[in-house]
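Biologist: I should like to learn how to read individual features of a structural model. May we take them one at a time?

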Amino acid sequence: MEVGLSGGVDSVVLLHVLAALREKRGIVLKAVHVHHGLNSRADEWADFCRKYCMALNVPLRVEHVDVKHNSRLGIEAEARKERYRVFSEGLSQVVALAHHQNDQVETFMLAALRGGSLRALSAMPRMRMLNATAQIWRPLLDIPRIELEKYAAENRLEYIEDDSNQNPAFLRNWLRNEALPLWRERVPHLDSHVISSIKSLQGELALLNEVIAEDYADICRSGWFDIERWKSLSRLRRHQQLLHHAKTNGLGIPRAESVEDFARTLAQAATAEWSLPQGKMYAYRGRLFAQKNGWENTCPWVKNGGIQQSRLKDIIQKNSFTLDRHSFGLCEEVLDSLCIIRSANADDAIELAVGRKNVWKILQERKIPPFARRYWPVVIDSQNRCVAIANILVNVHYGCRNGSMVVFSKFNQFILEPK
């Protein structure tokens with residue numbers, strides 16, 4: 001377990017409590033401090049955390065990050081993004097963060113002031129996945145900050161006071177230091193009311209997520225996002241599926257009006273394209289494909305402008321291709337010959353049993369989506385002749401019965417008309 005340690009009272013208390021419990025609970029405890037470099041005392045804070053962890057005999061990693069001041073996210077959001085990136089890069093299965101009840105109330109109120117959705121108003125969950133192997137744990141969410149301060153005083157714990165927390169230019173600081181104290185005077189049980197609302201909203205969000213998961217499983221039951229099944233849903237459920245598909249594929253969260261526009265287009269058009277913060281979706285032949293920005297650069301023959309001439313077997317072994325047995329595939333001697341693999345171009349043609357045909361025409365006949373055609377890998381010999389179209393077809397003069405097909409498995413999903 002790794003604890004996010006800022007040096008403030010909340011994280012100091014959390015690390016102290018977990019350090020006291022580690023032997024009894026069998027906890028392997030570590031800590032991480034993110035050095036944002038935004039405050040003139042940032043180096044002092046890192047030194048404080050080092051000394052504190054040394055006193056508790058807790059290993060600490062200090063990670064320096066570069067927070068971009070010109071980010072459209074704003075300085076606070078950019079700093080948060082960098083923190084969670086650091087947390088995600090750790091090797092622990094659990095990252096414990098010291099968010100407390102006051103933080104939870106502030107998060108809800110900020111979401112309300114900014115016109116947040118159900119997800120935003122549900123504030124922070126106690127547990128959530130951070131990445132494929134690690135999760136965030138917030139054990140202090142039910143505890144008010146004043147109780148943490150009492151614990152620190154009783155145990156004579158020193159901690160850092162961040163003077164930037166008094167700057168009213170930041171909305172959260174204004175809310176914490178000016179607005180909420182006035183509202184608490186007017187509504188004495190404000191915090192408990194807000195926490196009760198958050199718990200109700202989290203329950204409704206959990207139910208919504210169950211419905212979304214069931215709809216998504218039905219839409220994708222054939223192994224792809226089936227647009228016709230998507231069309232059978234109500235308008236709001238369609239919107240949720242587009243959001244879920246974007247999130248599942250790491251394409252970022254679009255604006256509500258963008259979802260509305262694409263849903264309307266998708267319901268009417270046979271082909272469509274949707275630009276998202278981190279990628280695009282493409283509708284083609286009844287399927288919806290989600291591709292991250294730069295996806296083509298994960299293909300070795302695209303990233304390097306073509307794989308340089310070498311023995312074909314060696315190219316295959318070193319570049320994530322496989323050789324699959326095929327009723328009519330490449331002969332063994334071809335696999336030992338010099339070839340290159342590159343993206344198909346408009347002039348490429350391949351010899352068939354009768355005549356020759358343009359490679360792009362074959363890709364079109366196999367219903368390859370247009371966004372994938374321009375990157376489709378072809379095997380070219382030393383005389384610039386097309387030896388094979390990966391995953392699809394072998395030149396009649398280079399093939400034999402029960403030969404080998406050059407396959408890049410990730411591209412099988414794009415062949416909508418297999419033969």
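Modeller: Let us begin with disulfides. A disulfide is a covalent bond between the sulfur atoms of two cysteines. The working criterion is a pair of cysteine sulfur atoms within 2.5 Å. In this structure there are zero disulfides. The model is a predicted one, in which local features need pLDDT of at least 70, side-chain atom pairs count only at pLDDT 80 or more, and totals for chains, interfaces and linings use all residues. Residues are numbered from 1 along each chain as its sequence is written, and side-chain values use heavy atoms, with hydrogens and water left out.

Biologist: Why is there no bond between C49 and the closest cysteine sulfur?

Modeller: The closest cysteine sulfur to that of C49 belongs to C53, and at 6.4 Å it is too far for a bond. As for accessibility, buried means under 20% relative accessible area, exposed over 50%, and partly exposed in between, with a 1.4 Å probe and protein chains only. C49 is buried at 0% relative accessibility, and C53 is buried with a relative accessible area of 1%.

Biologist: How should one read the packing of two helices, and at what angle do the axes of α4 and α8 cross?

Modeller: Two packed helices are described by the angle between their axes and the distance between the axes. Axes are lines fitted to C-alpha atoms, for helices over the stretch in contact, and angles run from 0 to 180 degrees between N-to-C directions. Helices (H or I, at least four residues) and strands (E, at least two) are DSSP runs, numbered from the N terminus. Here helix α4 (residues 101-113) and helix α8 (residues 190-219) have axes that come within 10 Å and cross at roughly 70°. Helix α4 is therefore roughly perpendicular to α8. The angle classes are as follows: under 35 degrees is roughly parallel, over 145 roughly antiparallel, 65 to 115 roughly perpendicular, and the rest oblique.

Biologist: Which residues of α4 and α8 make the contact?

Modeller: Contact means heavy atoms within 4.5 Å. On the α4 side the residues are Q101, Q104, V105, F108 and M109, and on the α8 side D191, V194, I195, I198, L201 and Q202. By class, seven residues of this contact are nonpolar, three are polar and one is charged. In that scheme Ala, Val, Leu, Ile, Met, Phe, Trp, Tyr, Cys and Pro count as nonpolar, Asp, Glu, Lys and Arg as charged, and the others, Gly among them, as polar.

Biologist: At what angle do α8 and α10 pack?

Modeller: Helix α10 (residues 235-248) packs with α8 at an angle of about 80°, their axes being 10 Å apart. These two helices are therefore roughly perpendicular to each other. From α8, the residues L208, V211, I212, D215, Y216 and I219 meet R237, Q240, Q241, H244, H245 and T248 of α10. The contact of α8 with α10 comprises five nonpolar, five polar and two charged residues.

Biologist: Let us turn to annotations. Which residues does the UniProt annotation "binding site" cover?

Modeller: UniProt positions are given in the numbering used here, feature names are shortened, and annotations may be inferred rather than shown by experiment. According to the unreviewed UniProt entry, "binding site" covers S6, G7, G8, V9, D10 and S11. S6 is located in the loop between β1 (2-4) and α1, and at 40% relative accessibility S6 is partly exposed. Beyond its neighbours within four places in sequence, S6 contacts S11, H33, C49 and I160.

Biologist: Where does UniProt place the feature "domain: Lysidine-tRNA(Ile) synthetase C-terminal"?

Modeller: The unreviewed entry places that feature at residues 339-410. This span is 15% helix and 43% strand, and its end C-alpha atoms lie 22 Å apart.

Biologist: What of backbone angles: is R285 buried or exposed, and what is the phi of K367?

Modeller: R285 is exposed, with a relative accessible area of 53%. R285 lies in the loop between β9 (279-284) and β10 (287-292), and its phi is near 50°, a positive value in a residue other than glycine. K367 has a positive phi of about 60° although K367 is not a glycine. K367 sits in the loop between α15 (359-365) and α16 (370-373) and is buried at 18% relative accessibility.
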